[in-house]
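Hi,

Here is the structure I said I would pass on. Have a look at it first, and then read my notes below.

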Amino acid sequence: PVKTTNDLFALRSDAYVLTKDSRIVLADAREGVPPDVKLDGMYKFTDAMEKMIPNGPPSLIGCKKVVVEGEVTFAKDVVIKGTVTFKNSGGGSKEVKSGTYEDKTVDL
């Protein structure tokens with residue numbers, strides 16, 4: 001069950017797949033472990049989370065943990081691998097550009 005936008009963010013990513021009988025299950029490549037998602041408190045509600053991913057969620061198939069701090073928007077074709085933190089300490093939304101981010105902290 002989806003209880004938070006953290007769960008929904010992961011569920012909408014490629015870390016989960018839709019089965020032929022219309023069930024959503026964790027992708028085999030995840031080996032039974034879902035990605036750990038920690039979104040900023042400003043994304044507590046679905047409408048705010050939707051604004052963060054206007055081009056769809058980033059790829060989380062190879063993600064261990066992703067943390068979003070501050071107001072962020074994801075571009076199309078963002079891939080997250082390992083443990084990645086995106087930080088926006090300034091005012092206004094900052095975009096995470098297309099590309100692969102692996103085991104790092106990204107200051108926007």
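The protein has two helices and eight strands. Reading from the N terminus, the order of elements is α-β-β-β-α-β-β-β-β-β. With a radius of gyration of 13 Å, close to the 13 Å that the globule rule gives for 108 residues, the protein is as compact as a globular protein of that length. Keep in mind that this is a predicted model.

Some overall numbers, for orientation. Along the principal axes, the C-alpha atoms fill a box of roughly 45 × 30 × 20 Å. Buried residues account for 35% of the 108. The exposed area comes to about 6300 Å², and 50% of that is supplied by carbon and sulfur atoms. If you take the contacts with a separation of 6 or more, 32% of them are between residues 24 or more positions apart.

Now for the part around β3. This strand covers residues 36–39 and has two faces: V37 and L39 sit on the covered one, D36 and K38 on the uncovered one. β3 runs parallel to β4, and four bridges join the two. One partner to look for is V66 in β4, which is bridged to V37. Add helix α2 (residues 46–52) to β3 and β4 and you have a β-α-β unit, a left-handed one.

Just after β4 comes a residue you may want to click on. E71 is in the loop between β4 (59–69) and β5 (72–74). Is E71 buried or exposed? Something in between: its relative accessibility is 35%, so E71 counts as partly exposed. Leaving out residues up to four places away in sequence, E71 touches M42, Y43, N88, G92, S93 and K94. From E71 to L108 it is 37 residues in sequence and 9.8 Å in space, C-alpha to C-alpha.

Last, the rings. A search of the whole structure turned up three aromatic pairs. One of them is F9 with F74, a tilted pair with 6.0 Å centre to centre and 50° between the planes. F9 belongs to helix α1 (residues 5–11) and F74 to strand β5, so this pair ties together parts 65 residues apart in sequence. Both F9 and F74 are buried. Then there is F86 with Y101: the ring centres are 5.3 Å apart and the planes are at 75°, so that pair is edge-to-face. It ties together parts 15 residues apart in sequence, because F86 is in strand β6 (residues 78–87) and Y101 in strand β8 (residues 99–107). F86 and Y101 are both buried as well. Ring pairs link F9, F74, F86 and Y101 into a cluster.

Cheers

Terms used: Residues are numbered from 1 along each chain as its sequence is written. This is a predicted model: local features need pLDDT of at least 70, side-chain atom pairs count only at pLDDT 80 or more; totals for chains, interfaces and linings use all residues. Side-chain values use heavy atoms; hydrogens and water are left out. Buried means under 20% relative accessible area, exposed over 50%, partly exposed in between (1.4 Å probe, protein chains only). Contact means heavy atoms within 4.5 Å. Two strands pair if DSSP finds at least two bridges between them. A crossover is right-handed if, with the strands pointing away from the viewer, the path from the first strand over the helix to the second runs clockwise. The radius of gyration is taken over C-alpha atoms; the globule rule is 2.2 Å times the number of residues to the power 0.38. Accessible areas come from the Shrake-Rupley method with a 1.4 Å probe; for residues, only the protein chains shown count as cover. Rings of Phe, Tyr and Trp (its six-membered ring) pair if their centres lie within 6.5 Å; planes under 30 degrees apart count as stacked, over 60 as edge-to-face and the rest as tilted.
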